[in-house]
Each structure stands twice: as structure tokens, then as C-alpha cells.
Amino acid sequence: MKEIEDSTQALKLLSYLSVVVESGEDDLKDSLYCLMKQNRRAVAEKLSA
């Protein structure tokens, strides 16, 4: 966990957003698709406000 936190902090300093995905029983492809869809919707709402 410490390694992930260090990497995340380094990327944040470069203005990157890191995402950590925990594996489980759900399909990773579907989970990432839903996350991307939600992010696009949030950006569209911000732009139209």
C-alpha cells in the first residue's frame, strides 16, 4: 500500500490523476467502462454549467 501511495503522490505532482482498481468478481472491462462513462457525464455537466 505504501508503494501505491508514493506512486500516487508522484503522479499528483505532475498533475496526473491515478486510479487504483481492486480486482474482484466483477468484469474489469465493465467496471472501467462505467467509470469512464460517469467521468464523461461529470465533465459535460461542469462544461454546461
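Reader: Why is D6 called partly exposed?
Author: Its relative accessible area is 42%. Buried would need a value under 20%, and exposed a value over 50%. D6 falls in between, so partly exposed is the label it gets. Keep in mind that this is a predicted model.

Reader: And what makes K2 exposed?
Author: K2 has a relative accessible area of 56%. Exposed means over 50%, so K2 makes the cut.

Reader: How do you know that K2 forms a salt bridge with D6?
Author: Look at the gap between their closest N and O atoms: 3.3 Å. The rule asks for a Lys or Arg side-chain nitrogen within 4 Å of a carboxyl oxygen of Asp or Glu, so this pair qualifies. By that rule, the protein's count comes to one salt bridge.

Reader: Where do the two partners of that bridge sit?
Author: Both K2 and D6 are in helix α1, four residues apart, which is about one turn of the helix. As a general point, an α-helix has 3.6 residues a turn, so residues three or four places apart point the same way.

Reader: How do you know that the span of α1 is close to what is expected?
Author: Helix α1 has 12 residues, and from its first C-alpha to its last it reaches 17 Å. At 1.5 Å a residue, 16 Å is expected, and the span is close to that. I4 also has its place in α1, and at 36% relative accessible area I4 is partly exposed. Between the C-alpha atoms of I4 and S18, which are 14 residues apart along the chain, there is a separation of 9.7 Å.

Reader: How many helices and strands does the protein have?
Author: Two helices and zero strands. Helix α1 covers residues 2-13, and helix α2 covers residues 28-48.

Reader: What makes S15 worth a look?
Author: S15 has a positive phi of about 65°, although it isn't a glycine. You'll find S15 in the loop between α1 and α2.

Reader: Is S15 buried or exposed?
Author: Exposed: its relative accessibility is 72%, and the label asks for over 50%, so S15 gets it. L17 has its place in the loop between the two helices as well. With 78% relative accessibility, L17 counts as exposed too.

Reader: Which residues make the nonpolar surface patch?
Author: L17, V19, V21, L28, L32 and L35 make it, and the patch is about 550 Å². To belong, a residue needs over 30% relative accessible area; L17, at 78%, therefore clears that bar.

Reader: Which residues gather in the patch of negative charge?
Author: That one is E25, D26, D27 and D30, on the surface. D30 has its place in helix α2.

Reader: What makes D30 partly exposed?
Author: D30 has 47% relative accessibility. Exposed would take over 50% and buried under 20%, so D30 counts as partly exposed.

Reader: Why is R41 called partly exposed?
Author: Same reasoning: R41 has 47% relative accessibility, between the two cut-offs of 20% and 50%, so it counts as partly exposed. R41 is in helix α2. The C-alpha atoms of R41 and E5 are 28 Å apart, with their places 36 residues apart along the chain.

Reader: What makes N39 partly exposed?
Author: N39 comes in at 42% relative accessibility, over 20% but not over 50%, so partly exposed is the word again. N39 is found in helix α2. N39 and V19 are 20 residues apart in sequence, and their C-alpha atoms are 12 Å apart in space.

Reader: What share of the protein counts as buried?
Author: Of its 49 residues, 0% count as buried. The protein exposes about 5,200 Å², and carbon and sulfur atoms supply 56% of that. Its C-alpha trace spans about 40 × 30 × 10 Å along the principal axes.

Reader: How many positive and negative side chains are there?
Author: The protein has 7 positive and 9 negative ones, and the centres of those two sets lie 11 Å apart.

Technical notes:
Residues are numbered from 1 along each chain as its sequence is written. This is a predicted model: local features need pLDDT of at least 70, side-chain atom pairs count only at pLDDT 80 or more; totals for chains, interfaces and linings use all residues. Side-chain values use heavy atoms; hydrogens and water are left out. Patches are made of residues with over 30% relative accessible area and no salt bridge: like charges are joined within 9 Å, nonpolar side chains (Val, Leu, Ile, Met, Phe, Trp, Tyr) within 5 Å. Accessible areas come from the Shrake-Rupley method with a 1.4 Å probe; for residues, only the protein chains shown count as cover. Lys and Arg count as positive and Asp and Glu as negative; His and the chain ends are not counted. The place of a charge is taken as NZ of Lys, CZ of Arg, CG of Asp or CD of Glu. Buried means under 20% relative accessible area, exposed over 50%, partly exposed in between (1.4 Å probe, protein chains only). The expected span of a helix is 1.5 Å times one less than its number of residues.
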